[in-house]
Amino acid sequence: MEVKKSKQKSLNKNRTLYFLLGLNLVLLGVYGLFGIQNSMESVEQKETTLVQTTPPTSILIAERSLEEQSLPEIDEPLPPPPLIPQDIEETLEPIEPDPLDNQELNKPRIPEVVNVKTPVRVNIDELLDQVQAAPKEERVPDPVPVNRVTNMAVYPGCEAYEGKKRELVRCFGDNLSKDLMKFLDTEYPETSKPRVQVQLEFHINTDGEIVNINAKRGDEEFMPQAMRALENVSKYLNKSNKKIKPATMDGDKEVTLIFQNNVILQNPDK
């Protein structure tokens, strides 16, 4: 029984000892943490002060270096300014003129004699007579269409309508078409058309002849036959002394007339 009591007392003493040791350790740890924080803050403050203080020191050093590099004073006197040259009066020697030949001065000048022709009197009346008597070149009049002529050309058989332009145009076309039918080929062109048609254009010159025959438009297979028929009509009128009376304009001035006429041929088999 005594042994048990001693063990319990020793345990109680150890507990208090261990508690005190543990408390000291905790306090030491807390103190150490505070010390570390203070040291870090002091380091940061030192760094900021270093950053702030470095620029001005460098500026001062630069200023001092510039002052040290200033040019040394020169005790020697400055050289005098250059002399400005004054105007120099130049004396030019007089130039003697070329010597003249005394003989030329003493010679009298003889005026040149100019041959002046006597004016020729021109007789204006004789000059005009010569101009009028000179042969004049005949101007070939350009072909004139029907609507511009004063008097229409007269085809043989239309003399009764002379002086009446509209009736003469109609009579000219009718009588010419009748003569064309006389000289057309009896054979119909090789075509399946029920009829063929060509518009012929030709001139009637101042001699009353049909010239410059041309097919303007129409069926191509019928053009050679129609042109050949009109050429035969022109030959027939010349041989039979049936001349076409030329057209006139500006009074009685004969002109070449442009005329157009349609030639139509029906297919006898249709």
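This tour walks through a sheet, its strands and the helices that pack on it.

The model is predicted: local features need pLDDT of at least 70, side-chain atom pairs count only at pLDDT 80 or more, and totals for chains, interfaces and linings use all residues. Residues are numbered from 1 along each chain as its sequence is written, and side-chain values use heavy atoms, with hydrogens and water left out.

**Stop 1: strand β1.** Select residues 195–204. Strands (E, at least two residues) and helices (H or I, at least four) are DSSP runs, numbered from the N terminus. This strand is mostly covered, with 8 of its 10 residues buried. Buried means under 20% relative accessible area, exposed over 50%, and partly exposed in between (1.4 Å probe, protein chains only).

**Stop 2: the β5 side.** Add residues 257–266, strand β5. Two strands pair if DSSP finds at least two bridges between them. Here 10 bridges join β1 to β5, and the strands run antiparallel. Pick Gln197 and look across to its bridge partner in β5, Ile264.

**Stop 3: the β2 side.** Now add residues 210–218, strand β2. β2 pairs with β1 over 6 bridges, again in the antiparallel sense. His203 has Val211 in β2 as its bridge partner. Ile204 stands opposite Ile210. Follow the chain between the two strands: they form a hairpin with 5 residues between them. Stop at Gly208 in the turn, where phi is positive, about 80 degrees.

**Stop 4: the whole sheet.** Show the strands together. The sheet is open, has 3 strands and follows the order β2-β1-β5, with antiparallel pairing. β2 and β5 are the edge strands, each pairing on one side only. From one strand to the next, the twist averages 25 degrees. Axes are lines fitted to C-alpha atoms, for helices over the stretch in contact, and angles run from 0 to 180 degrees between N-to-C directions.

**Stop 5: helix α4.** Select residues 165–183. This helix packs on the sheet and touches β1 and β5. Contact means heavy atoms within 4.5 Å. The direction of α4 makes about 50 degrees with that of β5.

**Stop 6: helix α5.** Move to residues 223–239. Helix α5 lies across β1, β2 and β5, running at about 155 degrees to β2. Within α5, pick Asn232. Asn232 is partly exposed, with a relative accessible area of 27%. Finish with a distance: the C-alpha atoms of Asn232 and Lys182 are separated by 9.5 Å, though 50 residues apart along the chain.
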